Structure formats: structure tokens, C-alpha cells
Amino acid sequence: MAALCESFTLCGLSPASGVGLGGGLLALEPGRDPDHVLLTDRGRTTTLFKVSDQKPLGCWSVKHGQVLTCPVVCNFETHEYIAVHDDKVLRIWKNEDINLDKVFKATLSADVYRIHSLPNGGPVVLFRGGGVRTLDALLEAPQQEIENIISDEVIKWSEAFMEGKQPVLIFTTEKDGDFFVYVQKLKTNSLHKYKLEQQELSKPMNFTAYIKNQIITLLCLCSNDCVYKVLIPLQQNTEEEEQILPKSLLLNLSVSGSVLKGTSFVVLDKDHIAVLGSLTASDEEPRECLTIWNTKFQTLQTSKELPLGTSGQLWCYEEKFFFTHGKVLTVIMYKCETSSLAAAVGKLKDRQTPDVSAFVNWNTLGHEELADSFQSQQTGALKYESKMALRSKRNAAASVQTDRLAVGKVLRNLQDVPTRIFEDELKQLMSKAQALDMQASIGSVVTALINRYKTNPKHYHRTFLLEIVQTYDLSYSLCPDLMAVALENKDLRLLQTCLLRFPDIPEEITYSCLEIFLSFNEDSLQRMDVNLESVICYIDIESDNKEVKTEIVENGFSTEQEEGTWDTQLAEEAHLTSDGELCPVGPQKAALLNAVLRSAYSEVFLLPHLKNLPAKEAVLFLRYLFYLYVKCSEKINTTLPGMSSPTINQIMDWMCLLLDAHFTVIVMLPEAKLFLSSMHKFVRAQVRFYSELNKIEGSLQELQRIHQQKDPKIYSIEVLEII
């Protein structure tokens, strides 16, 4: 059984994204860490990303006028990066290097097609003429002559493997409509050439391969919407002439009258492949989809529609798919389990049966449907099932594939009905959505609500949209227009909820939310619906809207100890003493700002937007961040009470970001002078306090070691003296 899991955006691909991917993506390669990937654009830039944090760790560019001509790879043995620009110029550098002009450079004698880096075999260089060299051999004599093996043929695809301790390189070429396969063993320096069997109306468009038990399995995605398999044994008689490799049909990419026009594919395991392409049906427009197929039982396991379009490229590392979707690079996690007939037809029962009530709205079911639902749960424990039940379950498995088509048709029929009827119908539609396709179905419903608003702005389903976001696990990529419409309508509660629940919000949208939150005056916010759960435990409000101090100092120091060095006027104006400090914003605005602080972001992408924040609002936000920082410092565990409250690390990161974006402006503002001075003094007091703690760190560690060595069997009191 295979399934697509949660998705998120790794980075933007527009020039404004800050990572230089505006020209499109050339390739994606694994980094030295399983959580790292190297992105190479179709220009002059490569970027190292940490996938789990959606954060760039490094970015390198060649000079203007130079172009990266093959994907940048990581040498897993030396942890160096290898690039080729302008076909022949080799560059090698380490993570700490910044300027590529100052790193190792070698000009080669022939054009490079691709560099493949093997975890235990080192980098292997494939030249456009078919010659192959290990990187070590190439660096010994960069200008050595490279043989031309393929003459007039053009390389279409290549891959490298480790078979035991021997690197093996395979690449395919084309000449006059004929396709050839070359297999090169580097240690024995043996090369075998094969010709692929020709078939009418079936031209190979893409390749992938894997190796097992001395046999290379080459898969071909062909123009007739089929995947073919070719077996190539590594043990070959070197005296044999060029052999013709027969192709056998592995998979037909069609289901329920629809055909998938695949553009790229990857192997997941021995029974599953993923195909990216366009799903076409006779009566509908093509829709780009990511699909997972079971090759053993010839079934489509799962699919995800990609309405913003893709580049046709698909990569797969560490059980994650990477592909472009619109103007972003999207990551989708997946899982593949043991292939069985029950899983292939959708009848495999999970060890933990999901709670039906989680995806069925009992209020929308009629009496007969309710009875049928209850009865179907009870019959799951019986030893046999009726033929009708079996037939209905088979149909349910097939309906998962066509569920989204049905959703689209129903939504088109509901466009002109009254709002109440429209929402009631959508609720029933959601309640009957298949569990395996629940997220996609809900995303379709949200898209329908947004489209209805765009057609007629009076149809803004504020309450219904909020209910959906609070109930289901959605993401920004599933409904990309939702937050834009909420910003347009200044729907603060919906924006707050999206910030707290969506894991993949673009930095531009996060900044827009911050800007609109700060722009509201306190009087207007008091009349608006805002969730105060994140602030109610540390901001108490009286009837005159003044904060009442309820916290006590716990962590071993108080800013009162510094009172002799603080200006009394400063304390009164900035409200920053730990004895009765006031929050610079009201509770509604504080709760909204907390949602911004909790959202995920990348510093590289967010910083350019923060520079556009007006200075007055930047100072106000900075004062609130400092207020939170003081609150956190009062607690032993440096955490704020309440639900969805920001952590001290999030607070400090945002303070640093704001200072980076506005420091020059802030230091010139007279109204910010007292605040910056108080911030400096408070941080200095903390540094002095932690410095004193560091002085006794060695003693505390020794006491801990002594305590671990002792194992008192009875109650005892020990007096320890620190000198």
C-alpha cells in the first residue's frame, strides 16, 4: 500500500525569492546529510537547503557570463561540492567557502555531461562523448585526452550505482530514432553497448534504473503511455557483438477511462513507481497529477492534483518527492508498505482502525445512512461478508480515484444556489469524502468557496471557511488563494488560524499578515473576533484596559537589581521594569502577533519583506518582542504560559530579524532611543547573570558526577560546600 502524506513548500522559484532560482531548476541532488538537498538552477547559482527547516544553508554563484552546465553534487567522502560551468571548467569547494573565484579550478579537455557522486565510490564524471573517469583520476591530469565513444549519438540519461565495491555507470543515447544503452564498469574498465528494441508508436521519453543481484533493471517511460522493463545482466561475454535488448510491458498508465501522459518517474521500491504527468479524459481538460502505481497488481494507489502546473521534473530522496508547483518547489512525503493484493484493491485493514467519526458528519446523514454506517462497522468483526458488501467495498476503492472528479462536477452545479444551501451541500460533500483522499477533497471545497467569492464578492463564507481550517489538517499549498482573500477582507480570525495551522505559508504572505495586524488601532481590534488563548495567561486586562501584573520573578535575578543604573523617566515611559511592566499592545493585537511569531519562515526570504515595514510599526513590534523576552526571562523554564504562545527562540529570532532589517533607521529615531537603551541594559544584565552561572558550571558538573557515583539505599541529607 502506498500513500501521499503531508506537503510543504521548500522555497520559491521567482527571482524575488532570494536564492537565485528564477531561471528554473536544472536538477536536485542529495547533500552530505540526509536532510540536505542541493538545488542547481539553469543559470549560475546552486543552493544548499535543510529540508526539515525549509531553510537555505548556503548559496554559491559563478561569475556573470558563466553558466552551470550540469548539476552540482556533493562528494560524500570529502564533504566537498563539485560543479562544472561552461562545459569544461571544474570547481571544487567546501561549505565554508564563499567566493567561487577563489576555490579550486581545473579546465578539462572535453565537455562534461554529468557528475554522479556515489556514497562509497566517490564522484564519477561522464563526458558528452561517452568517456568516463573517476574524479580522482581526472584531477591527477585534468588535461588528459578523453576518448569519444558514441560518435554522433546524443546522451539522453545517465545513472551510477555501486555493485558490491565496484562503481557501475549506465547511460542511454539516441541516434536517428534508435536508442542505445551503455554499461561501464569502472574498476575493470569494461564497456558494453546494447540497442533497445524498437516498437512502433512507442518512443522512450524518460528512463530510470536500479541494480540488484548483478542485474540492472532499466525502466522506460514511453510515448504510448506505458512503462517498459529491460533487464541487463552485468556478467557479459566481452566478445559478443552489440545485442538488442527486448522490452517487456510493466505498466499501462490508464485508469477508469483516463490516461496519464507521464513526463518523469522514479522507482520507490520493487513494486511501486511514482509518475508525474498530465491526466487526460475524453470529456475534461488535462490535469497535472503526481501518482503512485503498484506495478505488481497494475493499480493506481494514490494521486494528487497539481492545479498550478509543474515543470515535468520529479526527484525522490529520503521518502520525499520534490517537484516544482507553480512558482515554488514543493515537497511531499510518502509511505510505501508491503505490496499485497488486499492493499492494491484498497481492502487492507490497518492495525489501528481509524475513527469513522473523524471524517463523517453524523448530523448530515439520514436515518437509513446512519443505520447502514453503524451496520458496516459491526460487520467488520464478522468472519464473512455478503456479496453486496464486498461489491460495495470494491466500488469504494475505485471511487477514491474518481472522487475529485465528482467533487468538481457537484461544485459546478452549486455555483448559483443561495449561500445556506451552498454550505449545506458542501458539508454533506465533505462528510462523504473518502478517508484516503480527505485532504484533497477538503482542499477542493475551499477552492470552490474562494472561486465563488471571486465571482461574486458578496459570497464570502467567513464562518464556514474558519470552521474548515479549524477542523481539517490543510496547508497553504492545498488552498493558495485562501489567505489572499482573507487579507483582502481583513478577516483577522481566519488569518490568525491559518498562521497557526498551515506549515508552508510563503514569507510574503506572513509579512502581509504582520503588516495588516500592526496597522489596526487598538479600538478597532477590541470589536473584532480574535482568539486570545496565547495571551490570556500573561496579559490580564481590567475594565479600563490596563494590564495587571500577575507574574513573579523566578529565575534568580530581577531587573530591580539594576535599578540604580536605570533612568526613572526611561522606566516610566517604556513600561519595562519587571515590577508591573505594561504590554505595548493590547491583548487582541498581541494574540495576532503571536500567530506570526509561531509561523514557519526562512530568514533569507523574509528579510527583504521586513525591510518594507514602516519604521513606527517596526519599533512597536520590536517593543512587543522585548516585552515577551522579559516575560520569558522571568520564568525558570523561559517559556510563556498559555496555548500557542511563542517560544523564547522564536522571540529572539524575530528580534534579530527586525534589528537586521531596520537597525539604521531605528537608531536615528528619537522615540526609539530610550527603548534601545533599555533593551541594551536588560540584555547586559542577563549576560552578567549567565556569566556568573558559567563560573560555577564546573563545580555543578563535578557535583553531578559525585551524585551519580553514589547510590544511597536509605534517606540521607548531604551538605555540600562550594568554595
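This section describes the salt bridges, a four-stranded sheet, the cysteines and selected nonpolar residues of a predicted model.

The structure contains 16 salt bridges. In one of them, the side chains of Arg114 and Glu29 meet with an N to O distance of 2.7 Å. Arg114 belongs to strand β10 (residues 112-118) and Glu29 to strand β2 (residues 25-30), so this pair ties together parts that lie 85 residues apart in sequence. Glu29 is buried at 14% relative accessibility, whereas Arg114 is partly exposed at 21%.

A salt bridge is also formed between Glu153 and Lys193, with the closest N and O atoms 3.1 Å apart. The two residues link distant parts of the chain: Glu153 is in the loop between α1 (135-140) and β13 (154-163), and Lys193 is in strand β16 (residues 190-196), 40 residues apart. Glu153 is buried, with a relative accessibility of 8%, while Lys193 is partly exposed at 29%.

For Asp225 and Lys261, the closest N and O atoms of the salt bridge are 2.9 Å apart. Asp225 is located in the loop between β18 (215-222) and β19 (226-233) and Lys261 in strand β23 (residues 258-269), so the contact ties together parts separated by 36 residues in sequence. The acidic partner, Asp225, is buried at 11% relative accessible area, and Lys261 is partly exposed at 39%. In addition, Lys156, Glu174 and Lys203 are joined into one network by salt bridges that share partners.

Strands β6, β7, β8 and β9 form an open sheet in the order β6-β7-β8-β9, with antiparallel pairing. Its edge strands, β6 (68-75) and β9 (104-107), each pair on one side only. Neighbouring strands in this sheet are turned by 15° against each other on average, direction ignored. Strand β6 is joined to the antiparallel strand β7 (residues 80-85) by five bridges; Asn75 has Glu80 in β7 as its bridge partner.

The number of disulfides is zero, on the criterion of cysteine sulfur atoms within 2.5 Å. Among the cysteines, Cys70 is buried at 1% relative accessibility, and Cys59 is partly exposed at 40%.

Trp654, in helix α16 (residues 648-666), is buried with a relative accessible area of 0%. The C-alpha atoms of Trp654 and Leu625 are 7.7 Å apart, with a sequence separation of 29 residues. At the surface, Tyr690, Leu693, Ile696 and Leu700 make a nonpolar patch of about 320 Å². Within this group, Ile696 lies in the loop between α17 (670-695) and α18 (697-709) and is partly exposed, at 32% relative accessibility.

Key: Residues numbered from 1 in each chain as written. Predicted model: local features only at pLDDT ≥ 70, side-chain atom pairs only at ≥ 80, totals over all residues. Heavy atoms only, no water. Patch = residues over 30% accessible without salt bridge, like charges linked within 9 Å, V, L, I, M, F, W, Y side chains within 5 Å. Areas by Shrake-Rupley, 256 points an atom, 1.4 Å probe, with all protein chains shown as cover. Salt bridge = Lys/Arg side-chain N within 4 Å of Asp/Glu carboxyl O. Helix = DSSP H or I, 4+ residues; strand = E, 2+ residues; numbered from the N terminus. Buried < 20%, exposed > 50% of the residue type's maximum accessible area, 1.4 Å probe, protein only. Pairing = 2+ DSSP bridges. Axes fitted to C-alpha atoms, helices over the stretch in contact; angles between N-to-C directions.
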